[in-house]
Amino acid sequence: MKIICVGRNYTEHIEELNNEKPKQPLLFIKPESSILNKEGNFLIPDFSNEIHHEVEIFLRICKKGKDIKEKEAHCFYDAVGLGIDFTARDIQSLCKEKGWSWEIAKGFDGATVISELVPSHTFQDIEDVSFALKKNNEIVQLGNTKKMLWKFDELITYISKYFTLNEGDLIFTGTPAGVSKVISGDELIGELEGKEFFKVKVI
Ligand code: ZN
């Protein structure tokens, strides 16, 4: 399986990192080996001094598809979860400056947190789902899918132009504002519609 991530999908997050608003979705892929252990213990890697949390809603692809039309896109995912796209911001900034790819800043071991899944039909309106990240019991990121630049169906259409989607693939749909550095001892709790979906301990 593959984990396809969308960068810069929430305006305030683009502004906080002084990034340009893209004309099309910005995509990158994290390897399956980046998924964090079930215990939720995130070990800060020794190659970075600035690991940021990015809380994101992700979709689970339920059937194979290529060149998917927007009006059919909703049939290609059946569940939604909440995760973290951990980012070594210092390495990513260096890579951006040099024009290198970001893979090592985003795809290292443990860099992808995934929660349990919820069937997508349980949401009354998938384009109005709220989510949050609490760091040491304080809300640091607050998002709602209605604020995405590209909606789920548009993302699936765009992504499937380039990559065949397979059952079990995950799509991380971007992070809202509020990203910040984690340090050893931090506790991160992800909430979807006010309900706890994951807990991560930074060590
Ligand atoms: Zn991200």
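Donors are taken here as N, O and S atoms within 2.8 Å of the metal. With that in hand, the predicted model can be read from its zinc site outwards. The zinc ion has three residues as its protein donors, E54, E56 and D85, and these lie 2.0 to 2.1 Å from the ion. E54 and E56 each contribute through OE, while D85 contributes through OD. Along the chain, the spacing of these donor residues follows the pattern E-x1-E-x28-D. E56 sits in strand β5 (residues 55-61) and D85 in strand β6 (residues 77-85), so this pair ties together parts of the chain that are 29 residues apart in sequence. Water is not among the atoms, so the site may look incomplete.

How accessible are these two strand residues? With buried set at under 20% relative accessible area, E56 falls in the buried class because its relative accessibility is 1%. D85 is likewise buried, with a relative accessible area of 1%.

Attention can now turn to enclosed space in the model. The search gives one cavity of 30 Å³ or more, and the largest cavity holds about 120 Å³. Its lining is made up of 17 residues, and those closest to the centre are G7, R8, H13, E54 and K106. E54 thus links the two descriptions, as a donor of the zinc ion and as one of the residues closest to the centre of the largest cavity. Two elements, β1 (3-7) and α2 (89-98), give two or more residues to this lining. The largest share comes from α2, with three residues. Sorted by class, the cavity lining holds seven charged, six polar and four nonpolar residues.

The open space is described in the same terms. The largest pocket has a volume of about 340 Å³. Eighteen residues line this pocket, and L36, K38, I114, S115 and E116 are the closest to its centre. Three elements supply two or more lining residues: β5, β8 (112-114) and β14 (195-202). Of these, β14 gives the most, with four residues. Strand β5 therefore appears in two settings, as the strand that holds the zinc donor E56 and as a contributor to the lining of the largest pocket. By class, the pocket lining divides into 11 nonpolar, three polar and four charged residues.

Technical notes. Residues numbered from 1 in each chain as written. Predicted model: local features only at pLDDT ≥ 70, side-chain atom pairs only at ≥ 80, totals over all residues. Heavy atoms only, no water. 1 Å grid on protein atoms, 1.4 Å probe; cavity = no way out; pocket = protein on both sides within 12 Å on 5 of 7 lines; lining within 4 Å. Points joined across faces, edges and corners; volume = space filled by probe spheres on them. Nonpolar A, V, L, I, M, F, W, Y, C, P; charged D, E, K, R; others polar. Donors = N, O, S within 2.8 Å, 3.2 Å for Na, K, Ca; no water. Buried < 20%, exposed > 50% of the residue type's maximum accessible area, 1.4 Å probe, protein only.
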